[in-house]
Amino acid sequence: MSAEEMVTYKDIEIPKSLIGVINHMDSVDEYREELLRLGAQWDLLTILGQMVGTGTDMTGTRKGFLDLTNKLLCQLALENMRKTVQEIASKAQVAVDILIRNLFERTADIGFLATDDDIRDFIIKNEELDILCKGGGDEQVCDTLNRTQLREEMKQALIERFREYIAKYSVYFNIILLDTDGNVLVQMDQDSKVLKTSDPLVKDAVEVDGEYLEVYRYCDLLPQNEKSLIYAYRVTRSNEEKDDVLGVLCLCFRFQNEMEGIFRNLSSKDDWSVKLILDADGHVIASSDRYHVPIGAKMDMALNKEYGMVIFAGKKYIAKTCPTKGYQGFFGLGWYGHVMIPLESAFEISEESSAKKSINDKILEAVMSDPRLFSGELRSIPLQAEKIQSDLERTVWNGNVKESDPASKVLLWSISGTGAKTKKIFEQSIGNLHKTVIDSILSNVWFWAALAVDIMDRNLYERANDCRWWALTSAFKRILDKPKIEAEDKEKISGILQYINGLYTVYTNLFVYDSYGRVIAVSNPTEEHIVGSVLSKDFVRNTLALRESCQYSVSKFETSELYGDRHTYIYGAAITSFKNGKNTLGGIGIVFDSEPQFEAMLHDALPRNERGEVEEGVFGVFADRKGYVISSTCSDLKTGDIIAVDKEFLNMKNGQGISKIIEYGGYYYAVGAHTGSGYREYKQGDGYENDVIALIFTPLAKVSAEQVYNIRRRGDSVRVKSAAGSKDSIEVATFFIGTKWLGIKTENVVEAINPEGLTTVPGSHKFVKGRRIYKDLPLLVVDIRSVLDLPDKEVDNDSQIIVLRYRDDQLFGLIADALGEIPQIPLDRVECSDHILDNSKYTECIVKPDQTQPNGEMLMVLRPEGIIGKLKEMI
């Protein structure tokens, strides 16, 4: 979220925009209450420390945790808001862009259908009948009964052709043909009583500068609808005689039906958001919940900003409005996608998903340290809490080393315990936030994968429709039914194919062939070398075997010389005889431009951040059930490669999806996969089976190749039963090096200090970590990991330097990973016999486990003189 003015809310500083929002974030409020309770404990411990006189000032520690609390709660609120906004913005963008993709196809449909010879012939013959009658021609022709019968036969033939069209392009509910005066010549809807229109649509379609007219408003051609989405195009005498307008053709789109499908795919369980399409003025023209937000309502748009707080029907919503990004230069009528979610439901804590439960600590740790999901400020909070707690534990540890009063020791450990609780809440809250965000990403990648395969199914639905409709072109039937096809016939077919290809730019070539598979004509001049050649491919044989106009064939997704030896699908439909519809004269083949088209589909389905950008490392893949790549936005995955993922991703039933975290290419990825199930009639009972799986990969973190050095902390050990106050005991300051629990008698310990200022000594042995100025004198600092048979580890900010005293009050520093407890241990638990001490030179004694405690372990107490002696032996 962008930087903005900060204000105070319940003792914490938050961005001004979150006022009135943060109180709906239950998870943030829970942590705030818990941290406030711990704040009260800090106040009490500070007062007790002053009363007992421990000499430990908690003011700085308490302020450090308080400042960090403010930062934590602010960051939690921002991340919750960012997650919600990103989800609604994605849905708003997708809703309008999928619609625009669909409507782009409609502009091509109307452009081609308006040039259909049967439609032109109908208008021309209808005019000829009128002329003959007005001119007093042959009485038989002018006879009213005969004219009516002839007109009705022509009309029914055209209505049947319209029905054939809508049977393939089921996105339309009516087709209307008008003359230039607005009279209805033919329409598919036989129940309509409309005979003439006064709508300016006819005039506008004739005069429009562009090739087509697109309107969404009330039209008297469809009086039953408050508003209708209509595509209109002038019908001319020929493609060359564009000024000789015969009439206007209208395609009536099933807009609300289409939006129901889009909204359904954008909705999920426990989704409280309302998805809308707004017109250019902000009025609702489609709603995912009409009872919630009705059609026609005027909405406050949230444009050109991250989100908006809007009020509708007395309730507050978080909203985002997105204009379309357009498709191949088409932007439609300036509509917007608008999604809003009730403020009271925007941050509800949903039931923990199985995916969230499966996020293990290794993945979580990698994600928390990687910068791609969260801001540096949020990721720094656990580190800052760790440093405050580390400094606190060192202060408490030093206090215990110097303090002899049992009450003071108890208070000091209470202070340390409260610090540990505070730090744990920081870690838990951020850990839970990370898990929640990862869970959200897993849900989102599933959604985006479903979207990707839906875009593909929608697109290829159009391809199956195109080839079947174009195969019904009357000119193709007449020419292929000739005993001999002349050169001008081939030119005629070629011209039609070129005109179609100019409208439908998703193809590299269209070709027509005869019943022997011999290519008659092509649309692409660069492919004319295949004219006259016989195609012996399976898809050609399959096409020629078709007998119904509703059938089509598709090649396997394989390399083809018809696509420059690259992988593609080639769709085909049979061209049958006028005389006998079962007699196949040849076929039409359409070569889909798969490389750029599939890549564009995947790119449109990739998740984006709040700026609308695809994050680095995110990629999408289309694959078949064997894992063969159909398309990919990842440069390392080429078409035809096999993607190395679990079979679980490839064996789902149609329409099913999954998401999970996997290791891939050295990264942890959230991967969503979804198997296609078709769109409308396509792949849903039409006989075509070709399962495609969309996979969306979102990187979470890099898989660390470094060895994880196992370090124990004070809380990892079983607390030693103290013998405080007993003379028959020893006091031991304990610490951890790697997994080893070690100790040194407190009389030999000066204090623990941080490693700041430690400088290396050139030419020294590897166990010498350097020197640090301590009380104005250089202090030698050593590491005994090699003595303990532990792997090397670099000194870092978490390391501790324990200052030890040996003979003649000489000092040296010992590197430790963490500090432990400082108990008084009864002598009956202490064993000093040489026969049980493996390393008696540097081991003073061992402390046997307490038999009354489960999982008790042995503590090894070291001698400072022995440590120095052992290290000297190694030189």
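Which residue forms a salt bridge with Asp199? The partner is Arg217, and the closest N and O atoms are 2.7 Å apart. The views below start from the whole protein and return to this pair.

**View 1. The whole protein, a predicted model.** Local features need pLDDT of at least 70, side-chain atom pairs count only at pLDDT 80 or more, and totals for chains, interfaces and linings use all residues. Residues are numbered from 1 along each chain as its sequence is written, and side-chain values use heavy atoms, with hydrogens and water left out. The protein has 16 helices and 36 strands. Both are DSSP runs, numbered from the N terminus: helices are H or I with at least four residues, strands are E with at least two. Of the 875 residues, 53% count as buried. Buried means under 20% relative accessible area, exposed over 50%, and partly exposed in between (1.4 Å probe, protein chains only).

**View 2. An open sheet of five strands, ordered β9-β8-β12-β11-β10.** The pairing is antiparallel. Two strands pair if DSSP finds at least two bridges between them. β9 (284–287) and β10 (308–312) stand at the edges with a single partner strand each, so one side of each lacks a neighbour in the sheet. Neighbouring strands are turned by 35° against each other on average, direction ignored. Three bridges join β8 (residues 274–278) to β9. Leu276 has Ser287 in β9 as its bridge partner. Helix α7 (residues 255–266) packs on the sheet and touches β8 and β9. The direction of α7 makes about 55° with that of β9. Such angles run from 0 to 180 degrees between N-to-C directions, with axes fitted to C-alpha atoms, for helices over the stretch in contact. Contact means heavy atoms within 4.5 Å.

**View 3. A second open sheet, ordered β21-β20-β24-β23-β22.** These five strands also pair antiparallel. The edges are β21 (629–632) and β22 (657–664); each has a single partner strand, so one side of each is left without a neighbour in the sheet. The twist averages 25° from one strand to the next. Five bridges join β20 (residues 619–623) to β24 (residues 693–702). Phe619 stands opposite Phe697 in β24. Two helices lie across strands here. Helix α9 (residues 361–369) crosses β22, β23 (667–675) and β24, at about 70° to β24. Helix α15 (residues 594–604) crosses β20 and β21, at about 60° to β21.

**View 4. The salt bridge of Asp199 and Arg217.** A salt bridge is a side-chain nitrogen of Lys or Arg within 4 Å of a carboxyl oxygen of Asp or Glu. The structure holds 39 of them. This pair links distant parts of the chain, 18 residues apart. Asp199 lies in the loop between β4 (184–187) and α6 (201–207), Arg217 in strand β5 (residues 213–217). Asp199 is buried at 11% relative accessible area. Arg217 is partly exposed at 25%.

**View 5. The salt bridge of Lys275 and Asp271.** Their side chains meet at 2.8 Å, N to O. Lys275 is buried, at 2% relative accessibility. Asp271 is partly exposed, at 23%.

**View 6. A salt-bridge network of Asp783, Arg785, Lys793, Asp796 and Asp817.** Lys793 and Asp817 form one salt bridge, with the closest N and O atoms 3.7 Å apart. Lys793 lies in the loop between β29 (777–782) and β30 (800–806), and Asp817 in the loop between β31 (810–816) and β32 (818–819), so the pair ties together parts 24 residues apart in sequence. Lys793 is buried at 12% relative accessible area. Asp817 is buried at 2% relative accessibility.
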